[in-house]
Each structure stands twice: as C-alpha cells, then as structure tokens.
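Subject: Structure for your review

Dear colleague,

Please find below the structure that I am handing over to you, with its sequence. My notes on the cavities and on the ligand follow.

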Amino acid sequence: MRISVIGLGYLGATHAVAMAKLGHQVVGVEPDSKKLASLKAGNLPFYEPGLDEALQQELSSGRLTLVSSPGPEIAACDIHFICVGTPQLAGSDEADLTYVMAAGTELASHLRPDSVVVGKSTVPVGTAAKLRTTMSEVAGFDVRLAWNPEFLREGTALEDSLAPDRIVIGAWSQDDAKELRRVYQPLLDNGVPCLVMDVATSELVKVAANSFLATKISFINAMAEVAEASGADTVRLAEAIGMDDRIGSKFLRNGLGFGGGCLPKDIRGFMARARELGVGESIEFLRQVDQVNLRRRDRVVELAQTELGSVEHKIVLVLGISFKPDSDDLRDSPALDVAKRLAGLGAQVRVHDPEALEALEGRHPQLERADDLEAGFRNADLVILGTEWSEYKAIEPKAFGDLVANKLIIDGRNVLDVAAWQAAGWRLIALGRNVHN
Ligand code: NAD
C-alpha cells in the first residue's frame with residue numbers, strides 16, 4: 001500500500017521504517033530541516049537500538065522516501081498516519097494539540113476522498129472528532145479518519161512496532177477499519193491481536209494504559225516512602241507482592257520514578273480532559289501519582305545534601321541522564337532534573353551517559369560532561385546512579401574506588417549489588433531500602 005507518515009520524531013520515524021519493512025511504499029514528512037537532512041542521510045537524529053540500520057536499508061530499498069511538506073507524493077497515498085507531537089501546554093496540564101490540528105489541516109488539502117487518515121499521536125478523548133470536522137471543512141468532503149494509538153517503548157521501538165502486544169483500531173466505519181487491517185496484515189498473520197472499537201475508546205485506551213503504568217510505578221514509590229520511614233525494604237516488598245500474578249513484577253521497581261515524553265504529560269493531559277468532561281474527580285488520584293513521582297527526585301536531592309552537609313562546591317557525578325536506558329530522550333528526565341537541581345544548589349555536577357550527551361549539546365551549560373567513567377569518578381564526592389544503563393550495572397565496584405576520597409553512591413534505580421559495593425568500601429544508599437552501611 002502507499003502510505004504517508006506525517007511527523008518523523010521518535011514515533012513517526014519508527015513507524016515509517018516499520019511500514020516500509022512490511023513492504024509498503026512509504027513517504028515520510030518532516031518539516032524540521034535538520035532532522036530531515038539527517039534522516040535522508042540515513043542517520044537517526046536520536047538513539048534507538050537497531051533503527052539506524054533499518055532506516056538505511058529502507059532508504060536504499062526505495063520503499064521509503066522523505067519530504068519536508070505534503071505535496072503530490074502525499075496525494076498519491078492511500079493511508080496517512082499522523083505522528084506529530086502532543087506535548088504538555090506550557091503553564092497548564094493540557095495537551096498542546098496545535099501540531100495535530102496543523103498537520104491535519106495541511107494534509108486535508110492533499111487528500112483524495114477515498115484515502116484514510118489515521119491518528120497515531122496520543123490525544124485527549126474527543127480530539128479525533130474535532131480533527132475530522134476541521135479536516136472535512138478544508139478538504140470539502142467527509143474525510144475518512146480512524147485512530148490507531150501507538151504503544152511502542154523507546155529502546156525497543158522497532159521490535160514493538162513489528163510485534164506489538166496488540167493493535168488497537170478506533171473507527172467510525174468498518175470499511176476504514178478494514179483498510180487499516182490491510183496495512184497490518186503481515187502482523188495479523190503472525191497472530192498479533194487486533195481490537196476494533198469506537199474512536200473515543202481508542203483514544204482513551206492509550207492514556208488509560210499510560211495512567212495505569214504511571215500508577216503502578218508511583219504505587220511502589222509510595223511504598224518506598226513508607227519503607228524509608230519505617231526501616232523496611234521496598235525491593236524485598238516488591239519481590240513478594242510481584243509474585244502474585246494479579247499484581248505482577250513489571251513496573252514494580254522503586255527508584256527515581258518515571259519521566260520522558262509520554263507518561264508525565266499524558267497523565268496531566270488526562271486529568272485536564274477529565275475536568276473538562278465534568279469527571280475530574282474520577283481520576284484525581286493521578287495528581288497523587290504525579291506528586292509521588294516528583295517527590296522521589298526531591299528525595300535524592302535531600303539525600304545528597306544530608307550526606308554531604310552541603311552540596312556547594314562538591315563534585316557530584318550523575319550516571320545516566322536520559323529518562324530511561326537505551327534511549328537518548330531527555331524529555332522530563334528524572335536524572336537530568338536531579339543533576340540540574342544539584343547544580344542549582346552550587347554543586348559541581350558532572351554527567352555521564354552512554355548515548356545522551358550529544359542530545360545535551362548546547363543545553364544546560366552548568367553541567368560538565370564526563371566523556372568516560374574514569375573522568376567522571378575522579379575526585380567525585382558523590383556518585384548518583386540516575387538511569388539504569390546496563391553499563392552502570394556492570395561497573396566493578398572496586399574499579400574506580402581509588403579515584404575518590406569519599407566513596408559515596410546513591411543508587412537511584414536499585415540495580416547495584418549492594419553487598420559488592422559495600423564490600424569494596426563504598427557507602428551505598430539505595431532508595432526505599434534500609435541497607436546503607
Ligand atoms: P517528537 O517530538 O519526537 O516528534 C514529533 C515530530 O513531528 C517532530 O519531528 C516534529 O518536527 C514533527 N512535526 C510537528 N509538526 C508537524 C507538521 N505539521 N507536519 C509534519 N511533522 C510535524 O514526538 P514523539 O515522541 O515522536 O511523539 C509523537 C506522538 O506519539 C505523541 O503524541 C506521543 O505522545 C506519542 N507517542 C510517543 C511514543 C514515544 O515513545 N516517543 C510512544 C507512543 C506514543
């Protein structure tokens with residue numbers, strides 16, 4: 001099928017490559033000239049394992065072409081996926097729908113009446129209906145619109161796109177849903193479940209899923225607050241409750257909490273939309289979820305201050321600044337937030353990250369970049385593990401001990417071997433655990 005993908009960020013670039021991999025003829029649209037040039041050269045403008053190679057393959061196969069704005073290539077497409085951003089609106093909980101509405105309006109004047117537009121961006125329930133009205137006005141006919149929320153996770157984005165747990169299709173007509181099923185036919189043949197539902201439910205599925213995941217993380221982080229006050233151990237607690245298969249052990253590790261370009265803004269946008277719908281109270285608990293999450297960052301800053309007396313002029317090494325491992329995404333990163341706050345309190349903060357230092361370029365000049373672990377550890381008064389890259393889990397506790405006078409480490413993700421670090425002479429503080437020596 002001939003497919004367009006509008007917006008080539010984390011979601012759109014992955015989706016465009018995945019669609020080409022399925023054998024479709026794909027045109028990607030990206031107005032950011034720097035991003036577009038990089039993509040055209042076969043270089044992803046962000047880090048995503050395996051996606052670079054797949055992008056290069058699809059560009060050279062001729063199945064994927066890239067343009068800066070909708071034009072004749074777009075008019076030739078049968079299906080159009082809208083993959084633009086829906087960030088949090090500044091000074092509000094609401095989602096900023098400017099990009100979705102603009103992308104839809106630009107697209108509308110290039111549409112054929114028989115083509116189907118498919119929203120993949122995460123949007124507040126009711127957005128698709130508004131978008132359909134606006135696009136139909138511009139197009140001069142009833143635009144066929146469906147919604148198909150995306151569940152990929154950065155770090156495993158391509159795998160998730162090609163073998164998702166499920167495909168959700170929200171459609172106003174069975175014919176539109178059928179067209180979309182044709183797009184995904186190879187995945188359906190592989191046994192991927194496909195749920196067809198009304199559009200409002202499909203919009204809600206995505207924010208509900210993210211709200212549930214955020215709640216689960218904040219639940220265990222709330223337990224960590226209680227454990228810290230009572231001398232209990234959240235890691236053992238999580239292990240025990242996670243064995244109940246009604247609870248499950250995934251997303252049940254306490255630590256610095258969630259961040260990134262999705263969970264935080266999605267729960268806030270959901271609260272704002274629920275208030276508009278007159279049911280704000282129903283999900284007001286998400287406010288607590290958000291606050292528990294943010295308090296974990298406060299906790300690490302407090303611990304640093306308590307342990308060091310004052311952080312002023314102290315050297316602090318933050319290991320990992322992306323919001324999660326295997327990604328260079330810095331949006332609302334808990335580790336980066338802690339690093340910036342400590343720098344704001346007068347600490348000399350060094351940051352290390354296997355992939356995200358490039359994304360930091362030109363931003364946050366108060367943070368020193370440590371090119372390698374040795375340079376980072378040298379003379380540090382405190383080390384904070386902020387993001388659980390496997391490189392950090394694999395650090396041999398004895399390796400850098402000689403470079404520091406004060407062997408002090410805060411494990412913000414509960415991934416280090418406490419006994420091994422303690423045996424190597426480190427004072428290790430783990431969030432939610434009463435293990436420090
Ligand atoms: P992003 O900011 O990385 O990408 C958005 C892209 O859209 C940018 O490259 C931007 O230049 C482009 N764009 C903006 N306006 C445009 C227009 N009018 N026409 C064409 N392109 C335009 O954002 P993202 O992380 O890819 O997220 C996109 C959407 O997908 C969001 O709604 C997000 O919540 C959702 N989502 C993201 C992920 C993820 O892991 N990143 C996962 C699932 C869902």
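In what follows, a residue counts as near the ligand if one of its heavy atoms lies within 4 Å of it. Please also bear in mind that this is a predicted model.

The ligand

On that criterion, 26 residues surround the ligand, and those that come nearest are Leu-11, Glu-30, Lys-35, Thr-86 and Lys-265. By class, this shell is made up of 12 nonpolar, eight charged and six polar residues. Two helices, H1 and H5 (98-108), each supply at least two residues of the shell. The largest share comes from H5, with three residues.

Oxygen atoms of the ligand lie close to several polar side-chain atoms. For Thr-86, an N or O atom of the side chain is 2.5 Å from a ligand oxygen. Lys-265 places a polar side-chain atom 2.6 Å from an oxygen atom of the ligand. For Arg-331, the corresponding distance between a side-chain N or O atom and a ligand oxygen is 2.8 Å. The ligand taken alone exposes 830 Å², of which the protein buries 88%.

The largest cavity

Searching the whole structure yields two cavities of 30 Å³ or more. The largest encloses about 80 Å³ of space. Its lining consists of Thr-86, Ala-95, Thr-122, Val-123, Pro-124, Val-207, Lys-265, Asp-266, Gly-269 and Phe-270. Thr-86 and Lys-265 thus appear both in this lining and among the residues that come nearest to the ligand.

Which helix gives the most to this lining? It is H12 (residues 263-276), with four residues. In terms of class, the lining has five nonpolar, three polar and two charged residues.

Why does the largest cavity lie between domain 1 (2-197) and domain 2 (207-289)? The reason is that both domains give residues to its lining.

The second largest cavity

The second largest cavity has a volume of about 40 Å³. Leu-8, Ala-13, Ala-16, Val-17, Leu-39, Leu-55, Leu-64 and Leu-66 line this cavity. The class count for the lining is eight nonpolar residues, with no polar and no charged ones.

Helix H1 (10-21) and strand S3 (64-67) each provide at least two of the lining residues. H1 gives the largest share, three residues. Helix H1 therefore contributes to the lining of the second largest cavity as well as to the shell around the ligand.

With kind regards

Methods
Residues numbered from 1 in each chain as written. Predicted model: local features only at pLDDT ≥ 70, side-chain atom pairs only at ≥ 80, totals over all residues. Heavy atoms only, no water. 1 Å grid on protein atoms, 1.4 Å probe; cavity = no way out; pocket = protein on both sides within 12 Å on 5 of 7 lines; lining within 4 Å. Points joined across faces, edges and corners; volume = space filled by probe spheres on them. Nonpolar A, V, L, I, M, F, W, Y, C, P; charged D, E, K, R; others polar. Domains from an automatic or database assignment. Polar contact = N/O pair within 3.5 Å; in protein donor to acceptor, adjacent residues only side chain to side chain. Areas by Shrake-Rupley, 256 points an atom, 1.4 Å probe, with all protein chains shown as cover.
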